[in-house]
Amino acid sequence: MSYQTIEVRPITGALGAEIEGIDLSTELDNQTFDEVHRALLENLVIFFRDQDLKPDQQIAFARRFGDIHFHPFMKGLDDHPEILELIKEEADTRTFGAVWHTDQMFNPKPALATMLYAKEVPPAGGDTMYANMYMAYDALSDGMKEVAGKLKTFNVGDRMKSHGREARKDRYKGSKAMQAKVKDPGDDVVTEAVHPLVRTHPETGRKAIYLGNHSQHFDGMTEEESAPLLKFFAKHATQPEFVCRFRWKVGSLALWDNRCTQHYAVGDYDGERRRMHRITIAGDRPF
Ligand code: SIN
């Protein structure tokens, strides 16, 4: 089906499309919003260029997709708690998100989608890569699909704490390397979850591999037992044929579907500054 109100230009054969002909600072009429939504479902990650958005306008666009998902470990902006400001300063050597992952997988109801808006970008580097998890599932043999269909992953938000080391909230206290303000999730916030390795997308009905760096082991298996197969799926799912890479400019906005993608923030710009405004949208329990 073609688009009437927007232009949709795929950037690779795997996933990702740039959307043209839209100003996200205005309230989108229903037809335009429906086409943006369809472009997201068809392309898994969509990109908008040259947007000039105030925080309230970014939040309003995000809310068209659902409620806001609040991060358990990180605090939003004081006057706009929905927005996490991710800043990598010139002196930072760690890059937030520089592992393949899907957002909030350690939550029983992980984030449906994530919206990232570029405020400051380095002259080169700092791209984000995305991988298509439908393709990762479809490319498995029938035998491996059967194995994968029976597996569940155990996912943790605080991997070091789960190995008896310092908790995430203490590790990052006073540290600039966190690149966002830190908060203590409190004892009653759940930051561990079991999910099916093969997830059915609730809107498209398609099956996708659901995996990321938060996946610690398969449910009912030890880490040692799980490691070889986890490694296989992680490598298989992020092969170059399933990946696109986005080059940011100030004013670019990316919106990705966490239910059928993984992403990776490339940390190749030490000595430069990058500042992004991130909003995550609340999702459902994977099945
Ligand atoms: C993230 O993992 O959400 C951040 C991605 C990025 O900064 O490119």
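In this predicted model, a ligand oxygen atom lies 2.8 Å from an N or O atom in the side chain of R274. The protein covers 99% of the 260 Å² of accessible area that the ligand has on its own. Two further side chains make polar approaches of this kind. In T128, an N or O atom of the side chain is 2.5 Å from an oxygen atom of the ligand, and in H101 a polar side-chain atom is found 3.0 Å from a ligand oxygen atom.

It helps to look next at the surroundings of the ligand. The residues around the ligand include H101, T128 and R274, together with F96, G97, D103, L116, W256, H263, A265 and R278. Two strands deserve a closer look here: β17 and β18, the latter spanning residues 274-281, each contribute at least two residues to the shell around the ligand. As for the space that the ligand takes up, this is the largest cavity.

Strand β17 also leads from the ligand to the first sheet to be described. Three strands make up this open sheet, in the order β15-β8-β17, and their pairing is antiparallel. At the edges stand β15 (243-246) and β17 (261-265); each has a single partner strand, so one side of each is left without a neighbour in the sheet. From one strand to the next, the twist averages 20 degrees. Between β8 (residues 128-132) and β17, five bridges are found, and the two strands pair in the antiparallel sense. A handy pair to find on screen is Y130 and H263, since Y130 stands opposite H263 in β17. H263 is already familiar as one of the residues around the ligand.

Another open sheet of three strands can be followed in the same manner. Its order is β11-β9-β14, and the pairing is again antiparallel. Here the edge positions belong to β11 (192-196) and β14 (215-218), and because each has a single partner strand, one side of each is left without a neighbour in the sheet. Neighbouring strands of this sheet are turned against each other by 30 degrees on average, direction ignored. Strand β9 (residues 152-156) is joined to β11 by five bridges, with the two strands running antiparallel. Within this pair, N155 has A193 of β11 as its bridge partner.

Finally, a simpler arrangement appears at strands β1 and β2. Strand β1 covers residues 7-10 and strand β2 covers residues 17-20; the two pair in the antiparallel sense over four bridges. One of the residue pairs to look for is V8 with its bridge partner I19 in β2. Together β1 and β2 form a hairpin, with six residues between the strands. In the turn sits G16, which has a positive phi of about 95 degrees.

Methods:
Residues numbered from 1 in each chain as written. Predicted model: local features only at pLDDT ≥ 70, side-chain atom pairs only at ≥ 80, totals over all residues. Heavy atoms only, no water. Pairing = 2+ DSSP bridges. Axes fitted to C-alpha atoms, helices over the stretch in contact; angles between N-to-C directions. Near = heavy atom within 4 Å. Polar contact = N/O pair within 3.5 Å; in protein donor to acceptor, adjacent residues only side chain to side chain. Areas by Shrake-Rupley, 256 points an atom, 1.4 Å probe, with all protein chains shown as cover. 1 Å grid on protein atoms, 1.4 Å probe; cavity = no way out; pocket = protein on both sides within 12 Å on 5 of 7 lines; lining within 4 Å. Sits in = over half its atoms within 2 Å of the grid points.
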